[in-house]
Amino acid sequence: MGLLLVVFVHSAGIQDRDGGGRVLEWAQLHLPRLMVIWADQAYVSLAVEWLHRSYLWMVHIVRREPGTKGFVVQPKRWIVERTLAWLGRYRRLSKDYEYLTRTSEAFVYLAMSHLMLRRLSRYRRC
């Protein structure tokens with residue numbers, strides 16, 4: 001569905017794959033039924049075998065098919081890109097206006113809450 005469970009915003013000086021550790025720590029504590037993690041090629045260095053042994057998580061790395069040229073839709077990746085496009089439609093999230101990372105996180109939660117409420121109100125039965 002493209003809805004977010006948790007958001008961690010960090011400074012541009014931290015690589016996403018390094019910041020991914022915070023997300024995994026959070027997932028270990030709050031998502032006991034988590035079984036599969038989808039990640040792109042940037043997260044190959046996250047020690048996939050170690051995650052499987054330690055937490056019993058299956059990590060699937062979405063890779064580009066060898067020999068492909070130009071734009072190709074990657075499996076599961078389109079969900080992430082669609083969600084980022086939804087967030088980009090909110091003015092405060094369209095640019096990096098915020099000074100504090102916690103403020104950016106709060107606006108992402110606010111935007112996703114708005115999207116969920118819109119979906120719920122659309123399917124309301126009288």
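## Exercises on a predicted helical model

The chain has 5 helices and 2 strands. The model is predicted.

### Exercise 1: The overall layout

Describe the order of elements in the chain, its span and its share of buried residues.

Step 1. Read along the sequence, the elements follow α-β-α-β-α-α-α.

Step 2. Take the principal axes. The C-alpha trace spans about 45 × 40 × 40 Å along them.

Step 3. Turn to burial. Of the 126 residues in the chain, 20% are buried.

Step 4. Check the contacts with a separation of 6 or more. Residues 24 or more positions apart account for 46% of these.

### Exercise 2: Helix α3

Find the span of α3, its buried residues and the elements they pack against.

Step 1. Helix α3 runs over residues 77–88, which is 12 residues. From first C-alpha to last it reaches 17 Å, close to the 16 Å expected at 1.5 Å a residue.

Step 2. Thr-83, Trp-86 and Leu-87 are buried in α3. They cover an arc of only 100° around the axis, so they sit on the same side of α3.

Step 3. The partners of these buried residues are α4 (91–94) and α5 (101–122).

### Exercise 3: The packing of α3 and α5

Work out how α3 and α5 are oriented to each other and which residues meet.

Step 1. The two helices pack at an angle of about 100°, and their axes are 10 Å apart.

Step 2. Angles of 65 to 115 degrees count as roughly perpendicular. Therefore α3 and α5 are roughly perpendicular to each other.

Step 3. List the contact. From α3 come Thr-83, Trp-86 and Leu-87. They meet Val-108, Ala-111, Met-112, Leu-115 and Arg-119 of α5.

Step 4. Sort by class. The contact of α3 with α5 has 6 nonpolar, 1 polar and 1 charged residues.

### Exercise 4: The two sides of α5

Compare the length of α5 with its expected span, then assign its buried and exposed residues.

Step 1. Helix α5 has 22 residues, which should span 32 Å at 1.5 Å a residue. Its end C-alpha atoms are 32 Å apart, so the two values agree.

Step 2. Ser-104, Glu-105, Val-108, Ala-111, Met-112 and Leu-115 are the buried residues of α5. Their arc around the axis is only 125°, which puts them on the same side of α5.

Step 3. Look at the face turned away from that buried side. It carries the exposed residues Arg-102, Leu-110, Leu-117 and Leu-120.

Step 4. Ask what covers the buried residues of α5. The cover includes α1 (16–30), α3 and α4.

### Exercise 5: Helix α1

Give the span of α1, its buried residues and what they pack against.

Step 1. The 15 residues of α1 reach 21 Å from first C-alpha to last. This is close to the 21 Å expected at 1.5 Å a residue.

Step 2. Gly-19, Gly-20, Leu-24 and Ala-27 are the buried residues of α1.

Step 3. These buried residues pack against β1 and α2.

### Exercise 6: Three loop residues

Place Ser-45, Gln-74 and Tyr-97, and classify each as buried, partly exposed or exposed.

Step 1. Set the cut-offs. Buried means under 20% relative accessible area, exposed means over 50%, and partly exposed lies in between.

Step 2. Ser-45 sits in the loop between β1 (36–40) and α2 (48–55). Its relative accessible area is 55%, so Ser-45 is exposed. Ser-45 and Asp-18 are 27 residues apart in sequence, and their C-alpha atoms are 9.4 Å apart in space.

Step 3. Gln-74 belongs to the loop between β2 (58–62) and α3. At 17% relative accessibility, Gln-74 is therefore buried. Leaving aside residues up to four places away in sequence, Gln-74 touches Val-62, Arg-63 and Arg-64.

Step 4. Tyr-97 is found in the loop between α4 and α5. Its relative accessibility is 48%, so Tyr-97 counts as partly exposed. With residues up to four places away in sequence not counted, Tyr-97 touches Arg-91 and Arg-92.

Technical notes:
Residues numbered from 1 in each chain as written. Predicted model: local features only at pLDDT ≥ 70, side-chain atom pairs only at ≥ 80, totals over all residues. Heavy atoms only, no water. Helix = DSSP H or I, 4+ residues; strand = E, 2+ residues; numbered from the N terminus. Expected span 1.5 Å × (residues − 1). Buried < 20%, exposed > 50% of the residue type's maximum accessible area, 1.4 Å probe, protein only. Arc of directions from axis to C-beta. Contact = heavy atoms within 4.5 Å. Axes fitted to C-alpha atoms, helices over the stretch in contact; angles between N-to-C directions. Parallel < 35°, antiparallel > 145°, perpendicular 65-115°, else oblique. Nonpolar A, V, L, I, M, F, W, Y, C, P; charged D, E, K, R; others polar.
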